[in-house]
Amino acid sequence: MSAKRWLVLAMAVLGCACGARAPYPELELQRQLLPGLDTLKEDEIRAALDRPLEVKAPATAGVAWLSEAPGGWGGEWYQTPLTEYQRTGVINATLEALGHPPFSEVTSLPTVAATSRAGGDGNMLVALRSAAARFQADVAILMQTGTAEGRGLNAFAIGFVGLVTAPLVPAVDVAVASSAELCAVDVRSGVMIACTRGRAEERRNYLFLFQEARVREQLRENTVRAAAVTAAQDLVRAAARRLTSE
């Protein structure tokens, strides 16, 4: 076989071997906030349509962030929370993205609603509105994020000789995918204003084993921030349409 064919074959093997993949987590924030939407009766639908928004632009808003949803890695499901330092960076970036009309001021709320989501009876929405009211916010925004991680060995793994040389060979691929969902509700009326979603993915190939943990942690923060900012930007546009048309 010619040298050129060997080179093409080697590149193909390397490309196929870099197979770390991470599926985007599926979040269910809207279902948690508004349980039983698929069982509404006709009179309940009419009543929901008759409830106008009471909030007007410009409006103040408060954001509460639920704990991250678990993600998958190596076929397993587990919880990989961000550190408080990382969460602060993410929420600050989200607040900055939300700080545009129709919102005049956006603040961070304590995540009091997290303990109510398991009930499935709308308690989370009530808790969110209550928290926002205490901070004198016109609009309550709940944010949920989730992260999935993928890990794989690339073609360089053929250099492993037992466990002795494994840390010396750049043979690890890491992929991280994050999803974010934001829902905004009128604090006074309880009417939902808008829900938006964001996604982000990053991948790093050819890592040494001693680099893996640090890189995976950085990718988690990067992708959660990017997903949250995307959802926040879409929420600003959606809220502007609602609050200026009412």
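**Salt bridges and burial in a predicted model**

Author: Welcome! In this predicted model, Glu 221 forms a salt bridge with Arg 225, their closest N and O atoms being 2.9 Å apart.

Reader: Why is the contact between Glu 221 and Arg 225 called a salt bridge?

Author: The cut-off is a side-chain nitrogen of Lys or Arg within 4 Å of a carboxyl oxygen of Asp or Glu. At 2.9 Å, N to O, Glu 221 and Arg 225 therefore qualify. Both lie in helix α6, four residues apart, about one turn of the helix.

Reader: What makes Glu 221 buried and Arg 225 partly exposed?

Author: Buried means under 20% relative accessible area, so Glu 221, at 10%, counts as buried. Partly exposed runs from there up to 50%, and Arg 225 has 26%, so that label fits.

Reader: Which residues are joined into one network by salt bridges that share partners?

Author: Those are Glu 149, Glu 212, Arg 216 and Arg 220. Within that group, the side chains of Glu 212 and Arg 216 meet at 3.0 Å, N to O. Glu 212 and Arg 216 are both buried.

Reader: How do you know that Arg 188 and Asp 138 tie together parts that are apart in sequence?

Author: Their side chains meet in a salt bridge at 3.2 Å, N to O. Arg 188 lies in the loop between β6 and β7, and Asp 138 in the loop between α5 and β5, so the pair links parts 50 residues apart in sequence. Asp 138 has 16% relative accessibility, so it counts as buried too.

Reader: How many salt bridges does this rule give?

Author: The count comes to nine.

How values were computed
Residues numbered from 1 in each chain as written. Predicted model: local features only at pLDDT ≥ 70, side-chain atom pairs only at ≥ 80, totals over all residues. Heavy atoms only, no water. Helix = DSSP H or I, 4+ residues; strand = E, 2+ residues; numbered from the N terminus. Buried < 20%, exposed > 50% of the residue type's maximum accessible area, 1.4 Å probe, protein only.
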